[in-house]
Amino acid sequence: MKIIITGGAGFIGSHVVRLFVKKYPTYEIINLDKLTYAGNLNNLTDINKEKNYRFVKGDITDAHFIQNLFENEKPDAIIHLAAESHVDRSITNPLEFVQTNVMGTVNLLNAAKNIWKDRLGTLERNCLFYHVSTDEVYGSLDEGGFFYETTAYSPQSPYSASKASSDHFVRAYHNTYKLPTVVSNCSNNYGPNHFPEKLIPLFINNIQQKKPLPVYGKGENVRDWLYVLDHARAIDVVFHQGKIGDTYNIGGFNEWKNIDLIKVICRIMDKKLGRVEGESEQLITYVTDRAGHDLRYAIDATKIMEELGWKPSLQFEEGIEKTIDWYLENKTWLENVTSGEYQNYYQEMYEKK
Ligand code: NAD
Ligand code: DAU
């Protein structure tokens, strides 16, 4: 089986690529990535030379390029992760999110539909378009309740609106052209290789450097955190066993108020860095809230657990400790990604706060 994984140089994509390359030596894995500011081939140095792995630099918004690539490679399956993924950036530059997340996804769907035209409509599982999506498409919850696979979409940010739109296109291609598709909607991931513009790696980095920790609003927003390798394991399970045309929610039943999570990170880091208990908490700085900030996300992951037998392998306490250790042991990785374009962007954002 030949699989094109898009966005394989990014945070989650790199863990998915590694898992598939190592676990399935008979599969041919092609990592298709544009290498935007978020794409980093250093995430994959350990598998770079594996025989069943190849990297192709390319842009999913380039329809001509994608069509040619698909015709030449004739993949049997696509696992689509490439996206613009940061909510704050979507507020500053929504069009880029429409281009990449909506147009890019439709280009991939078209190319898949074209090369698989003789395979469509059969009941055999002989090709698959797997679209990786997010819980944010369901909108924002108050204090109670969960997102189910049946929850109506209600995206509230330009990022989630672009992801919701791409999900709709995937389902439309399944319904209209009988393209074999599957969609999964996952909660917030954390773990190694997470780009340090997102809450957890940004705060780990700032604590190390004794820089302020910019908490949006009152820090009362709630997110449901899942260790990135558990997401990769779930993608493996859905890819192989998920029902064609179906949707699977992925999450760890692990909700944290931002401020509580931040205090846990501060406490662990004080210990690891040999600082006085409470020292890092002093860095907490309340800043202007994110525009349209979703209050709470909470995934009900019962379906994937009961139907496909997946469950998270790590408790949060273990996962966050592993994550902090990884960042402390991989300072060069952090230095590399915090230079260049990202640094300029971060400076601008930070000066505004
Ligand atoms: P990321 O920003 O770390 O990585 C995105 C990758 O996509 C990068 O390698 C980037 O170079 C690549 N890319 C961007 N535009 C491209 C283009 N035009 N052509 C080709 N490649 C391009 O993102 P992530 O956090 O790893 O998220 C991966 C996917 O999972 C996204 O679709 C995201 O919506 C979804 N998701 C993320 C989370 C999360 O907590 N991070 C949770 C649920 C779902
Ligand atoms: O829910 C899944 C989504 O999780 C993914 O689809 C997105 O790609 C991913 O970026 C993530 O979105 P969030 O907006 O939830 O993640 P982020 O790390 O940006 O923020 C987490 C919470 O922390 C959120 O309530 C905003 C807050 N925050 C974030 C940053 C960067 C702060 O208080 N300060 C910050 O500096």
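Reader: Which ligand 2 atom does the side chain of Asn258 sit by, and at what distance?
Author: A polar side-chain atom of Asn258 lies 2.9 Å from an oxygen atom of ligand 2. This is a predicted model, where local features need pLDDT of at least 70, side-chain atom pairs count only at pLDDT 80 or more, and totals for chains, interfaces and linings use all residues. Residues are numbered from 1 along each chain as its sequence is written, chains are lettered from A and ligands numbered from 1 in the order in which they are written, and side-chain values use heavy atoms, with hydrogens and water left out.

Reader: And how much of ligand 2 does the protein bury?
Author: The protein buries 94% of the 680 Å² that ligand 2 exposes when taken alone (Shrake-Rupley areas, 1.4 Å probe).

Reader: What do the backbones of Leu199 and Pro214 do there?
Author: For Leu199, a backbone N or O atom is 2.8 Å from an oxygen atom of ligand 2. For Pro214, a polar backbone atom lies 2.7 Å from a nitrogen atom of ligand 2.

Reader: How many residues surround ligand 2, and of what kinds?
Author: There are 24 around ligand 2 (a heavy atom within 4 Å), with Asp135, Tyr159, Asn188, Arg290 and His293 the closest. The shell divides into nine nonpolar, eight polar and seven charged residues. Here Pro counts as nonpolar and Gly as polar. Both α6 (199–208) and β8 (213–216) supply at least two residues each; helices are DSSP H or I runs of at least four residues, strands E runs of at least two.

Reader: New topic: is Asn249 buried or exposed?
Author: Asn249 counts as buried because its relative accessibility is 0%. The cut-offs are under 20% for buried and over 50% for exposed, with partly exposed in between (protein chains only).

Reader: What does the side chain of Asn249 reach?
Author: Asn249 sits in strand β10. Its side chain has a polar contact of 2.8 Å with the side chain of Tyr138 (N or O atoms within 3.5 Å, one able to donate a hydrogen and the other to accept it). The Asn249 side chain also reaches the backbone oxygen of Phe147 at 3.1 Å.

Reader: Ok, which residues have the most contacts inside the largest nonpolar core?
Author: Those are Ile3, Phe20, Ile79, Tyr130 and Ile304, in a core of 46 residues (buried nonpolar residues joined through side-chain atoms within 4.5 Å). Elements giving two or more residues to this core include β1 (2–6), α1 (11–23) and β5 (128–134). Apart from it lies another core, of 33 residues, among them Ile207 and Met269.

Note on methods. Buried < 20%, exposed > 50% of the residue type's maximum accessible area, 1.4 Å probe, protein only.
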